[in-house]
Amino acid sequence: MLVRFRCTFLFIVLFYVIVHGNYEGNSKLPIIFVYTVVPAVCKYGLPEYIKISLEQAIFTQPDSDVIMASNYADCDVIAKTVSEVPGLIQIDTTKIASNYTTQFANLSTAVFSSDYAGELWITSALRFFILEDIMISNNYKELLHVEADNTLYGRISSILPVLRADYPLAVTPLTANKFMMTASVFWVSSVEALHHFNGYMMDMVQNNSVVYKEYLGWMRRYACCKKGGVDPDQNGNGIKPYAINEMSMLANYNRIYPD
């Protein structure tokens, strides 16, 4: 009887560890996907690959909350699609948008090129402000953001001690010379760390920004030249417009603030 009890107890403990992982704290780690759309592409709905990424994250991260943030109030098609994903938490970005986020959205159109479709460059930069809104409105102390074209396999909670100990923010270098970095997986240790980065991004889009001018100067060694490009020299050679994006801005931030 005692042996059977011990075996049963051991099974329960192992089951708990497997299912719940080792995330410490009163709440689960928020793993947040952000996909906002402009009116021009709402009718196309949610791409099938995003639904697969969400389902994969829910399946492989049982000790985390998997969240999909989108402007649901602006696009019923996407709201309907994600409601069909069991276990997914939804956050409507239109309900939590701060004045700070709205200001950045308005100013950023003067800096990022338009693709005359989904506005990839603008929405890619805006998501960092959306993440800050989410942290504040939900009182999240930390989070992991995953771009929707990435699938998760290993348990994220297993590397949390390293992330917490060594990284205020973490992204992935995209090029060997660190000219671009990608937030395909983006670790945020605190709302303060994210707000510092967003302050830098806000400086980027302000009129006559010193930060932006310095960024353009740094960009010349990597993304020049194009006739009629951004910030042209005396010969009309400027920076390639599509190189001005959140990836090169992340890299420049890392250059300025290596810690």
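## Burial and a first residue

A residue counts as buried when its relative accessible area is under 20%, as exposed when the value is over 50%, and as partly exposed in between. In this predicted model, lysine 51 has a relative accessible area of 17% and is therefore buried.

## Confidence in the model

Across the protein chain the mean pLDDT is 89, and 89% of the residues reach 70 or more. The stretch covering residues 2-26 has a pLDDT below 50, although in the model this stretch has 23 contacts beyond near neighbours in sequence.

## Salt bridges around glutamate 84

The structure holds 7 salt bridges, and two of the partners of this kind belong to glutamate 84, namely lysine 51 and lysine 80. In the bridge between glutamate 84 and lysine 51, the closest N and O atoms lie 3.8 Å apart. That pair links distant parts of the chain, since glutamate 84 sits in the loop between helix H4 (76-82) and strand S3 (89-92) while lysine 51 belongs to helix H3 (residues 48-60), with their positions 33 residues apart in the numbering.

The bridge from glutamate 84 to lysine 80 has its closest N and O atoms 3.4 Å apart, and salt bridges that share partners join Lys51, Lys80 and Glu84 into one network. The three members differ in their surroundings: lysine 51 is buried at 17%, glutamate 84 is partly exposed with a relative accessible area of 43%, and lysine 80 is exposed at 56%.

## A salt bridge between two loops

Another salt bridge brings together the side chains of arginine 155 and aspartate 63, with a distance of 3.9 Å from N to O. This pair, too, links distant parts of the chain, 92 residues apart: arginine 155 lies in the loop between strand S4 (143-146) and helix H8 (160-166), and aspartate 63 lies in the loop between H3 and strand S2 (64-70). Aspartate 63 is buried, with a relative accessible area of 3%, whereas arginine 155 is partly exposed, with a value of 25%.

## Helix H7

Helix H7 spans residues 120-138, which makes 19 residues, and from its first C-alpha to its last it reaches 26 Å, close to the 27 Å expected at 1.5 Å a residue. The helix nevertheless has a kink of about 30°, centred on arginine 127.

H7 is mostly covered, with 15 of its 19 residues buried. Just after the helix, asparagine 139 takes a positive phi of about 55°.

Notes
Residues numbered from 1 in each chain as written. Predicted model: local features only at pLDDT ≥ 70, side-chain atom pairs only at ≥ 80, totals over all residues. Heavy atoms only, no water. Helix = DSSP H or I, 4+ residues; strand = E, 2+ residues; numbered from the N terminus. Expected span 1.5 Å × (residues − 1). Bend = angle between axes of the 7 residues up to and from the residue. Buried < 20%, exposed > 50% of the residue type's maximum accessible area, 1.4 Å probe, protein only. pLDDT = per-residue confidence, 0-100. Contact = heavy atoms within 4.5 Å. Salt bridge = Lys/Arg side-chain N within 4 Å of Asp/Glu carboxyl O.
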